[in-house]
Amino acid sequence: MSSFSRSNNLPISYVVFFALTFLGTLTGLSAQPILDAEAQLPLSRVILYTSGVAYFEHSGTISGDASLRFQFSTNQINDVLKSLVLRDLDGGSIETVNYPSQDPIERALGGFLIDLSGNPSLRIMLEQLKGFELQINAPELITGKVLSLEERTVPGRPNEQNYNETFVNLLTNSGFRSIPISEISTIRAVDAKVNVELERALEVLRSKGDKELKTVIVKFFGKGSRRILISYLAEAPLWKASYRLDLSELAKTGPKAQAFLQAWAIVENTSDSDWKSVKLSLISGNPISFTQDLYTPQYVARPQIEISRGPTVRPQRYDQGIASRTAPAASRSSGYASPESALMAGEAAKEYPGLDAFDERANLADTGVQSQANAKAAGELFSFVIKNAVDVPRRSSAMLAFHVGSIDAEKVSIYNQSVLAGSPLNAVRLRNSTGVKLPPGPVTIFDGGMYGGDALLDTLGTKQVRLISYAVNGELKVIPELSSGQSITKFSINRGVLSVQRNYDYTSNYRLDNSSSEPSTLIIEHPKTSGRSLIDIKAQEETASHYRFELTIKGLEAKDYLVKERQVVSETIALLRSTGTSYLHYTSNAAMQQSIKDALAQAAKLRQNLDDKQSTIATLRRQRTALEADQTRYRNNLTAAGNNSVQGKQYLERLSESEKSIDNLDKQVIAEEQLLQSANKSYENFLSTLTL
């Protein structure tokens with residue numbers, strides 16, 4: 001006997017084999033023909049965004065009633081369900097949109113007569129068929145109803161141990177039959193219901209393995225030939241921009257002139273369908289986009305509540321309600337044009353006129369590359385509509401020039417110590433005079449017909465100005481030197497609180513040396529420090545983290561450029577809480593007014609008087625403590641000598657004198673404490689009202 005026959009946990013392939021034998025000659029269900037949407041409604045428009053989605057539009061004509069089949073990958077289906085728009089433009093109607101369920105496989109399989117979830121063994125499947133009539137070949141053909149399954153110990157072959165075997169017990173026309181599962185070769189269900197249920201369960205198993213494509217069927221109803229549009233959003237690679245910037249013309253017309261710009265779009269068709277004669281638009285901007293699982297059915301766990309056996313309540317009648325009056329919502333423009341309207345080429349949105357033809361130029365300007373796009377605003381976004389239809393084969397990419405022309409430019413150098421300590425970078429200050437909003441992307445710089453370096457461009461709106469750097473300027477050296485100092489500039493007293501204002505001054509000296517014979521415009525980016533402010537100088541520009549100072553350095557010139565900053569720090573001293581007179585050292589500062597010096601001297605005098613009283617009281621209390629210690633010693637000696645002895649009488653006399661001294665000290669302490677209270681009151685009254 002093979003090891004396979006001794007196992008009840010059969011692999012799923014064996015389960016499917018037995019399931020198929022149940023079906024016999026069962027035929028499939030018939031369905032009405034469904035048209036392929038790719039042939040009937042080819043892809044006609046694609047709009048690519050920079051937020052990870054793309055807008056796809058299919059258009060064409062149908063006649064009469066029609067069901068169109070679309071296929072989407074699993075990772076696209078949620079976006080399609082979220083954004084699908086259907087339009088029958090010539091009077092037809094649209095009803096249901098059908099797509100395969102994505103119910104969790106275990107839950108779906110558990111609803112069938114035979115539960116195939118969890119890779120069930122043949123024994124488990126047979127247990128689910130108790131009471132059903134089966135035809136079993138083992139090896140003779142036996143027909144009977146399943147009664148039960150049981151485990152028995154069966155003797156093994158010679159030199160083999162005994163093993164457990166599962167037997168299926170059947171009720172046949174000739175009585176009970178018990179058949180070991182290992183001898184069964186085929187099983188067939190006599191009841192057609194079992195076959196239908198098993199076919200449906202197998203279909204669920206087959207759909208589980210189809211992870212790539214999901215079919216969506218759209219049903220149209222109407223008469224005659226009609227125009228149809230179907231559009232949706234789906235996940236797609238964002239389109240990318242890259243630029244070529246030629247600075248050659250700046251050398252002819254001066255540092256402030258116009259450079260020549262080529263803007264290229266990189267688009268990718270990662271789908272399994274070719275884009276043939278597609279109208280393509282590119283959107284610059286970042287609309288909010290997200291995914292949500294609309295495909296997988298969601299279930300909520302519900303508590304089981306016992307049936308209430310409370311008193312019976314008669315059905316109630318309620319009068320009709322009147323809706324609450326609310327102010328109508330104000331109508332306002334959202335600032336966003338839908339892909340179906342504002343982004344279509346040739347529609348109502350106004351196109352920007354193309355730039356005038358430029359004089360013949362060297363380098364990039366005379367390469368024959370022309371812009372293939374018309375630019376237009378779309379709310380807060382900006383679109384580039386490709387003029388001619390585009391072909392992009394599946395799994396392929398393409399480059400399209402979406403702008404070609406001049407742009408205002410100026411050569412400068414930028415120095416930032418944290419980027420490169422000793423030299424600035426060659427840079428270009430671009431002013432977007434193109435009339436189009438330029439998306440972010442890499443920029444390859446050409447100067448004098450040669451490669452000059454690479455730069456990165458952030459989103460550049462129309463008329464906005466942006467700096468881009470592309471190389472190290474080796475002819476201009478910068479040595480930064482930092483010095484600092486502090487000074488007290490202001491004193492004040494408010495109700496006994498002394499305020500001292502300090503200025504911390506920082507000076508950054510940028511030592512500049514231009515070894516070129518040509519003048520240079522230098523922009524120094526100086527870091528901002530929290531709490532500091534500029535003095536004696538003003539920045540031309542500011543960013544969140546830097547000041548920008550712009551200056552011109554002549555050819556072969558060396559000069560210094562100073563950036564001064566100040567941080568003001570205030571220190572407070574509560575004179576009443578001060579236990580000493582350390583604040584008097586401020587009186588030697590020239591910035592302190594004489595009136596404040598006099599007030600501090602008077603406060604110190606009152607404080608000294610207060611300290612003297614406290615010192616006198618402390619001395620008197622120490623003397624009293626010493627006398628009390630002497631009394632203790634006298635009493636101990638008196639006890640030892642006796643009251644009537646000569647020494648005892650001497651100790652009694654000393655005790656009497658000590659008592660008189662203690663009484664006198666107590667009177668002095670009381671008097672000094674009264675003087676202390678008076679001195680403390682004078683001190684507090686003086687400071688609490690002192691404001692200078």
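Two strands count as paired here if DSSP finds at least two bridges between them. With that in hand, let's walk through this predicted model, starting with a pair of strands that meets the mark comfortably.

Strand 15 (residues 256-269) and strand 20 are joined by 14 bridges and pair in the antiparallel sense. If you would like a spot to find by eye, look for alanine 263, which stands opposite histidine 403 in strand 20. Strand 20 is a good place to linger. Is strand 20 largely enclosed or left open by the rest of the structure? Of its 21 residues (396-416), 16 are buried, so strand 20 is largely enclosed.

Strand 20 has further partners to visit. With strand 21 (residues 425-431), strand 20 pairs in the antiparallel sense over 7 bridges, and glutamate 410 has arginine 429 of strand 21 as its bridge partner. With strand 27 (residues 520-527), the pairing of strand 20 is parallel and runs over 4 bridges. There, serine 413 has leucine 522 as its bridge partner in strand 27.

A loop residue also comes up against this part of the chain. Glutamine 370 is found in the loop between strand 16 (275-284) and strand 17 (373-378). Its relative accessibility is 62%, and because the cut-off for exposed is over 50%, glutamine 370 counts as exposed. Which residues does glutamine 370 touch, not counting those up to four places away in sequence? They are Ala401 and Val404. The C-alpha atoms of glutamine 370 and valine 404 are separated by 5.9 Å, although the two residues are 34 apart along the chain.

Now let's step back towards the N terminus, to strand 13 (225-235). Strand 3 (residues 53-63) runs antiparallel to strand 13, and 11 bridges join the two; glycine 60 is matched there with isoleucine 228 as its bridge partner. Strand 5 pairs with strand 13 as well, again in the antiparallel sense, over 4 bridges. In that pairing, leucine 86 stands opposite isoleucine 230 of strand 13.

Strands 5 and 13 also help to cover a helix. The buried residues of helix 3 (residues 74-83) are Gln76, Ile77, Asn78, Asp79, Val80 and Ser83. Their cover includes strand 4 (66-73), strand 5 (85-88), strand 12 (213-221) and strand 13. It may help to remember that an α-helix has 3.6 residues a turn, so residues three or four places apart point the same way.

Next come two open sheets. One is formed by 5 strands in the order 10-9-8-7-11, with antiparallel pairing. Strand 10 (175-180) and strand 11 (186-189) stand at its edges with a single partner strand each, so one side of each has no neighbour in the sheet. From one strand to the next, the twist averages 35 degrees. Inside this sheet, strand 8 (residues 141-154) and strand 9 (residues 163-172) pair in the antiparallel sense over 9 bridges, and serine 148 stands opposite asparagine 169 in strand 9.

The other open sheet has 4 strands in the order 25-26-31-28, and its pairing is antiparallel too. Its edges are strand 25 (476-494) and strand 28 (532-535); each has a single partner strand, so one side of each is left without a neighbour in the sheet. Here the twist averages 25 degrees from one strand to the next. Strand 25 runs antiparallel to strand 26 (residues 497-514), with 18 bridges joining them. Among those matched residues, lysine 490 has glutamine 501 of strand 26 as its bridge partner.

Isoleucine 573 lies in strand 31 (residues 558-574). Is isoleucine 573 buried or exposed? Its relative accessible area is 19%, and because buried means under 20%, isoleucine 573 counts as buried. Leaving aside neighbours within four places in sequence, isoleucine 573 is in contact with Gly496, Val497, Leu498 and Tyr586. Valine 497 is 76 residues away in sequence, yet 5.6 Å away in space, C-alpha to C-alpha.

The walk ends with a pair of helices. Helix 8 (residues 594-641) and helix 9 (residues 646-688) pack with their axes 8 Å apart, at an angle of about 165 degrees. The two helices are therefore roughly antiparallel to each other, and their crossing is left-handed. The residues of the contact between helix 8 and helix 9 divide into 22 nonpolar, 14 polar and 11 charged.

Terms used: Residues numbered from 1 in each chain as written. Predicted model: local features only at pLDDT ≥ 70, side-chain atom pairs only at ≥ 80, totals over all residues. Heavy atoms only, no water. Buried < 20%, exposed > 50% of the residue type's maximum accessible area, 1.4 Å probe, protein only. Contact = heavy atoms within 4.5 Å. Axes fitted to C-alpha atoms, helices over the stretch in contact; angles between N-to-C directions. Parallel < 35°, antiparallel > 145°, perpendicular 65-115°, else oblique. Left-handed = near helix turned anticlockwise from the far one by under 90°. Nonpolar A, V, L, I, M, F, W, Y, C, P; charged D, E, K, R; others polar.
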